[in-house]
Amino acid sequence: MAVLVGKKAPDFVAKAVIEEKIIDDFSLSDLQGKYVIFFFYPLDFTFVCPTELHAFQEKLEEFDKRGAQVVGCSIDSWFSHLNWLATPKSKGGIQGVKYPIVSDLTKSISRDFDVLKEDEGLAYRGLFLIDKEGVVRHQVVNDLPLGRSIDEALRMLDSLIFFEKHGEVCPANWQQGKKSMKPDQAGLVEYYN
């Protein structure tokens, strides 16, 4: 698997769906100047996937407050996305999800982000935190049966924003309002004292 951290996120132009509207030329480069949480999920109309998409929606206001755009992506068609968005949550749908969902029908986006499970033709549960300059600052990839933590995605976004604002680094399990450290030996010693 490729490590994209520290590199420009692969750009693309693809169809996406936002609520009931099809966007013909959605691209990551259009989001430059914002933080982006770009995540892949295996397939529409499956089991773990709707729990993740709804969990992102439940925290969408928190991402918005931080100037971050959430974007989902799967190998399904935009028609499948539209249909899934029209399906009520009680029936396994994602009705009420308001962030863009990209269609990677050609699987080129999944390949470029190195999350394509070639033998099944679908994407692993990859998540990429992209900074305002379009650089990947964090990535995590889960196997198909393992749902991700949206709270951890928020924590990582908070860590990046904190570092950019204060120049201090965020130790293990750091949370907003907790102790950070200067990125040197003296800072480490001070942190533990």
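Is Lys65 buried or exposed? In this predicted model, Lys65 is exposed, with a relative accessible area of 57%, and the close-up views below place this residue and others among their partners.

**View 1. A salt bridge within helix H2 joins Glu62 and Lys65.** The two side chains meet at 3.0 Å, taken from N to O, and both residues belong to helix H2, where they are three residues apart, about one turn of the helix. Glu62 counts as partly exposed at 27% relative accessibility, whereas Lys65, at 57%, is exposed.

**View 2. A salt bridge links Lys59 with Asp151.** This is a view of one pair from a structure that holds 16 salt bridges. The side chains of Lys59 and Asp151 meet at 2.9 Å, N to O; Lys59 lies in the loop between H1 and helix H2 (60-65) and Asp151 in helix H5, so the pair ties together parts that are 92 residues apart in sequence. Both partners are partly exposed, Lys59 with a relative accessibility of 29% and Asp151 with one of 46%.

**View 3. Lys117 and Asp119 form a salt bridge.** The distance from N to O in this pair is 3.0 Å. Lys117 is buried, with a relative accessible area of 13%, while Asp119 is exposed, with a relative accessible area of 61%. Elsewhere, salt bridges that share partners join Glu62, Lys65, Arg66 and Asp158 into one network.

**View 4. The rings of Phe12 and Phe38 make an aromatic pair, and the structure holds 16 such pairs.** Their centres are 5.6 Å apart and their planes stand at 25°, which is under the 30 degrees required, so the pair is stacked. Phe12 is found in the segment before strand S1 (13-18) and Phe38 in strand S3 (residues 35-40), so the contact ties together parts that are 26 residues apart in sequence. Both residues are buried, Phe12 at 8% relative accessibility and Phe38 with a relative accessible area of 0%.

**View 5. Phe45 and Trp84 form a tilted aromatic pair.** The ring centres lie 5.9 Å apart, and the planes meet at 40°, so the arrangement counts as tilted. Phe45 lies in the loop between S3 and helix H1 (48-58), and Trp84 lies in helix H3 (residues 78-85), so parts that are 39 residues apart in sequence are tied together by this pair. Phe45 counts as partly exposed, at 39% relative accessibility, whereas Trp84 is buried, with a relative accessible area of 0%. Both residues belong to one aromatic cluster, which is formed by Phe39, Tyr41, Phe45, Phe56, Phe63, Trp84 and Tyr99.

**View 6. Lys15 lies over the face of Trp78.** Lys15 is placed at 4.8 Å from the centre of the Trp78 ring.

**View 7. The largest pocket has a volume of about 160 Å³.** Its lining is made up of Leu129, Arg137, His138, Met156, Ser159, Leu160, Phe163, Glu168, Val169 and Cys170. Strand S9 (136-142) and helix H5 (150-166) each supply at least two residues of this lining, and the largest share, four residues, comes from H5. Sorted by class, the lining of the largest pocket has six nonpolar, two polar and two charged residues.

Methods:
Residues numbered from 1 in each chain as written. Predicted model: local features only at pLDDT ≥ 70, side-chain atom pairs only at ≥ 80, totals over all residues. Heavy atoms only, no water. Phe/Tyr/Trp six-rings, centres within 6.5 Å; stacked < 30°, edge-to-face > 60°. Buried < 20%, exposed > 50% of the residue type's maximum accessible area, 1.4 Å probe, protein only. Lys NZ or Arg CZ within 6 Å of the ring centre and 35° of its normal. 1 Å grid on protein atoms, 1.4 Å probe; cavity = no way out; pocket = protein on both sides within 12 Å on 5 of 7 lines; lining within 4 Å. Points joined across faces, edges and corners; volume = space filled by probe spheres on them. Nonpolar A, V, L, I, M, F, W, Y, C, P; charged D, E, K, R; others polar. Salt bridge = Lys/Arg side-chain N within 4 Å of Asp/Glu carboxyl O.
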